[in-house]
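Me: Please take a close look at one part of this structure, the pairs of charged side chains. Start with the term that is needed, and then go on to whatever else helps to place them.

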Amino acid sequence: MEHEIISEILGHIANNNINKITFSNIRNKELELDKVIGKLVNIKNCINLQLEYRYKRIIKHTNLVTTDSESIEKVIIGLFELAKDINIVTVDENINIKVSKKFKVSVNRNKTTAKAVSFDHNKKKEYFLDEKQKYDFLIELGIQNKDGKVVKSKYNKFKQINKYLEFIKQATTQLDSNKQITILDFGSGKSYLTFSTYYYLTEVLKMNVKIIGIDLKKEVIEHCNNIAEKLNFKNLSFIYGDVIDYENKDEIDMVISLHACNTATDIAILKALGWKAKVFFAVPCCQKEVKGQLNSDFLPFMLKHGIIKEKFSTLLTDSVRSEVLEAFGYKSDIVEFISAENTPKNQLIRAYKVSDNINKNKIINLEKFTSSLNVKMFLLEEVNKLI
């Protein structure tokens, strides 16, 4: 039965007959894997099986060309052995599969109304900014030309903006729309996302929002302020200064830190914790602090490789950051911001304030773990001052 149903699944994939396939109720709890969702997508005129791995704290994607039957078979067999529950939605059937502890398979089938498979990888209807619509702020930022068409070299940036606005919309559920919302953007840079956030919140959602961008490049700050004034974005301003020196007496509702280098992201976290900001977003960049301290004697078979060392440093640093936020009463997770095909800086740390309680033991355990690696982290040293 097991071999028969796997062959059937592979046949549905090969024939482009699957709308969705879900592997859930994962056997190995240590993986912290919630489920795996597969769908067929068209990428560069080639049909792929796109698999979304939803872990407890991170979401990962992988794409397999459907013509590579050997690779797909290997992955499907592995997932079949990993999941107790499997659901397959084809064009005309809903198939539920149960796999027992002893791998005994039971199958339940229900006929459904025929529905053609959609291979749309980037569904335009999900875009928060329509690529066919003209936006003055996108023209000023060089994302669109004067005719309102997205500049070819900026199309990935346009997609990035839309994905980011998806997260912004989700975050609004955590904010009090009955008052003015204050958002700080640390390391705002050229401010593509800052302007997009302001436009979306004020013009689309009609929220009362004040956004302040902070950066160390004077010419960029001046340029962004000129654009904001030209567009009459009255509650959007940019100031020159170092994140660590910034003080604000008003209530801060949301803190954003995008592509802030090394420990600048940690400073943004410390500021957010001190202000008890309701929402925190960070897309970190170049986590050099940990990488410079890692000794190849620890996991020598891994850390002797430069690329592995860099990825290990990134994962360790961002995982500690997420745990620190949780220790201070935030619900925090790490999700894919944008496909790695567009940018390697694609991990978003997302945190919502849910409690004022501080879990000191979590911080102590983090310190013990990093000490076991002979690693010192600026964030862990500084966060103790807030306890």
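Reply: A salt bridge is a side-chain nitrogen of Lys or Arg within 4 Å of a carboxyl oxygen of Asp or Glu. The model is predicted, so local features need pLDDT of at least 70 and side-chain atom pairs pLDDT 80 or more, while totals for chains, interfaces and linings use all residues. Residues are numbered from 1 along each chain as its sequence is written, and side-chain values use heavy atoms, without hydrogens and water.

Across the whole structure, the search finds 17 salt bridges. Three of them are described here. One joins the side chains of Glu52 and Arg54, with N and O 2.4 Å apart. How well covered are the two partners, by relative accessibility? Residues are called buried under 20% relative accessible area, exposed over 50% and partly exposed in between (1.4 Å probe, protein chains only). Glu52 has 18% and therefore counts as buried, whereas Arg54 has 32% and counts as partly exposed.

The next pair is Lys179 and Glu251, whose closest N and O atoms are 3.9 Å apart. Lys179 sits in the loop between helix H4 (155-171) and strand S8, and Glu251 in the loop between strand S10 (236-240) and strand S11 (254-261), so this salt bridge ties together parts that are 72 residues apart in sequence. Helices (H or I, at least four residues) and strands (E, at least two) are DSSP runs, numbered from the N terminus. Both partners are partly exposed: Lys179 has a relative accessibility of 26%, and Glu251 has 46%. This pair does not stand alone, for Lys179, Glu251, Asp253 and Lys278 are linked in a network of salt bridges.

In a third pair, the side chains of Lys362 and Glu323 meet with N and O 3.0 Å apart. Here the partners lie in helices: Lys362 belongs to helix H11 (residues 360-372) and Glu323 to helix H10 (residues 306-327), so the pair ties together parts that are 39 residues apart in sequence. Lys362 is partly exposed at 22% relative accessible area, while Glu323 is buried at 15%.

What about a charged residue that has no salt bridge? Asp215 is buried and lacks such a partner; the nearest side chain of opposite charge, that of Lys217, is 5.7 Å away. For this count, Lys and Arg are positive and Asp and Glu negative; His and the chain ends are left out. Asp215 belongs to strand S9 (residues 209-215). Its surroundings can be listed as contacts, that is, heavy atoms within 4.5 Å. With neighbours within four places in sequence left aside, Asp215 touches Gly187, Ser188, Gly189, Ile221, Ile239, Tyr240 and Gly241.

Two residues have an unusual backbone angle to look at. Most residues other than glycine have a negative phi. Ser191, which is not a glycine, has a positive phi near 70 degrees. Ser191 lies in the loop that runs between strand S8 (181-186) and helix H5 (192-204), and at 2% relative accessibility this serine is buried. Lys276 also has a positive phi, of about 55 degrees, without being a glycine. The loop holding Lys276 runs between helix H7 (264-275) and strand S12 (279-285). Unlike a buried residue, Lys276 is partly exposed, with a relative accessible area of 48%.

Finally, the strands. Two strands pair if DSSP finds at least two bridges between them. An open sheet is formed by 7 strands in the order S4-S3-S2-S1-S5-S6-S7, with antiparallel pairing. At its edges are strand S4 (59-65) and strand S7 (105-111), each of which pairs on one side only.

Within this order, S5 has a partner on either side, S1 and S6. Strand S1 (residues 18-26) and strand S5 (residues 83-90) run antiparallel and are joined by 7 bridges. Among the partners, Phe23 is matched with Ile86 of S5, and Ile18 with Thr90 of S5. On the other side, 5 bridges connect S5 with strand S6 (residues 93-99), again antiparallel; one of the pairs is Ile88 with Ile95 of S6. S5 and S6 form a hairpin, with 2 residues between them. Is S5 mostly covered or mostly exposed? It is mostly covered, since 6 of the 8 residues of S5 are buried.
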